[in-house]
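Colleague: I would like to learn how to read side-chain contacts in a model like this one. Could you take me through them step by step?

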Amino acid sequence: LGSTNGSFINGERVAHRVLEEGDKIQIGTSVILKFTYHDELDEDFQRQMFESASRDALTQVYNKRFFMEQLSSEHAYAARHNSNLALLMFDLDHFKSVNDTHGHLAGDYVLAELTRVLMPAVRTEDIVARYGGEEFVVLSRTTAQVGAEHLAERLRRGVEQHQFCFAGKIIRVTVSIGICCMPSAAITAAEDMIALADRALYEAKNGGRNRVVSAA
């Protein structure tokens, strides 16, 4: 009501109007919504469609595409309000040797089991995603560097202590974690967070693996 760019129903500018099935609502210059009634079956179908488009099929955490969309949004919010935002990027140590020694089914088991270790350790509002291959990310809103380091260490220790058992064989699994936090003068775009976290991850792996490193 009273917005500068106005609100439109089916192309007509309005101030007050009762919505009808199928109405297209334009808010401002770039947001268009469609008003429709859904029964429980429709709602369930739409939810399943969203989940299949945003989740990684193997691990059931979010996929890279969804993560990138959320990172862009969260970075913009943190930059605008000068608030805290943490990105943890981690990689399974020597994952290739798991596939080579135990087979690819064992590798898939380790990836799926890893997410079962991670999820209880993060908050509901944190975003856990599979970034690619054996790389995962955690995006944590309102988390400063100290909190991010505590979270990363808790995740690292949880993975190290968890018993990964496939086909009766224990597989030792550890992760290396790189951390990047806002606010930071080095971060002017969402992609900067990825670059800094990735660099810290490389330092963690280069420094002996199974450790946490924060971006300077």
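Colleague: Which residues are linked in a network of salt bridges?

Modeller: Keep in mind that this is a predicted model. The general idea comes first: side chains of opposite charge can pair when their charged atoms come close. Here, salt bridges join E153, R156, R157, E160 and R172 into a network.

Colleague: How many salt bridges does a search of the whole structure find?

Modeller: The search gives 14 salt bridges. One of them is between the side chains of R130 and D56, at 3.3 Å from N to O. That pair links distant parts of the chain, with R130 in strand β6 and D56 in the loop between α1 and α2, 74 residues apart.

Colleague: Are R130 and D56 buried or exposed?

Modeller: Both R130 and D56 are buried.

Colleague: Where do R65 and E69 lie?

Modeller: They are both in helix α2, four residues apart, or about one turn of the helix. R65 and E69 form a salt bridge whose closest N and O atoms are 3.8 Å apart. To read their surroundings, look at relative accessibility: R65 has 63%, so R65 counts as exposed, while E69 has 44% and counts as partly exposed. Another salt bridge is that of E125 with R123, where the closest N and O atoms are 3.5 Å apart. R123 is partly exposed, at a relative accessible area of 31%.

Colleague: Let us move on to rings. How many aromatic pairs does the structure hold?

Modeller: A pair of aromatic rings is described by the distance of the centres and the angle of the planes. This structure holds five aromatic pairs. Take F35 and Y37: their ring centres are 5.3 Å apart and their planes are at 70°, so the pair is edge-to-face. F35 is partly exposed, at 24% relative accessibility, and Y37 is exposed, with a relative accessible area of 57%.

Colleague: Why is the pair of F67 and Y131 edge-to-face?

Modeller: Read the angle: the planes of F67 and Y131 are at 85°, with the ring centres 6.0 Å apart, so the pair is edge-to-face. F67 belongs to helix α2 and Y131 to strand β6, so this pair ties together parts that are 64 residues apart in sequence. F67 counts as buried at 0% relative accessibility. Y131, at 17%, also counts as buried because the cut-off is under 20%.

Colleague: What sits over the ring of Y131?

Modeller: The charged end of K64 does, 4.5 Å from the ring centre. You can look for a similar arrangement at Y77, where the charged end of R141 sits over the ring, 5.8 Å from its centre.

Colleague: Strand β6 has come up twice now. How many of its residues are buried?

Modeller: In a regular strand the side chains alternate between the two faces of the sheet. Strand β6, residues 127–132, is mostly covered, with five of its six residues buried.

Colleague: In which sense do β6 and strand β7 pair?

Modeller: They pair in the antiparallel sense, over five bridges, with β7 running through residues 135–141. For one of the partners, start at A129 and go across to V137 in β7. The hairpin of β6 and β7 has two residues between the strands, and G133 takes a positive phi near 60° there.

Technical notes: Residues numbered from 1 in each chain as written. Predicted model: local features only at pLDDT ≥ 70, side-chain atom pairs only at ≥ 80, totals over all residues. Heavy atoms only, no water. Buried < 20%, exposed > 50% of the residue type's maximum accessible area, 1.4 Å probe, protein only. Pairing = 2+ DSSP bridges. Salt bridge = Lys/Arg side-chain N within 4 Å of Asp/Glu carboxyl O. Phe/Tyr/Trp six-rings, centres within 6.5 Å; stacked < 30°, edge-to-face > 60°. Lys NZ or Arg CZ within 6 Å of the ring centre and 35° of its normal.
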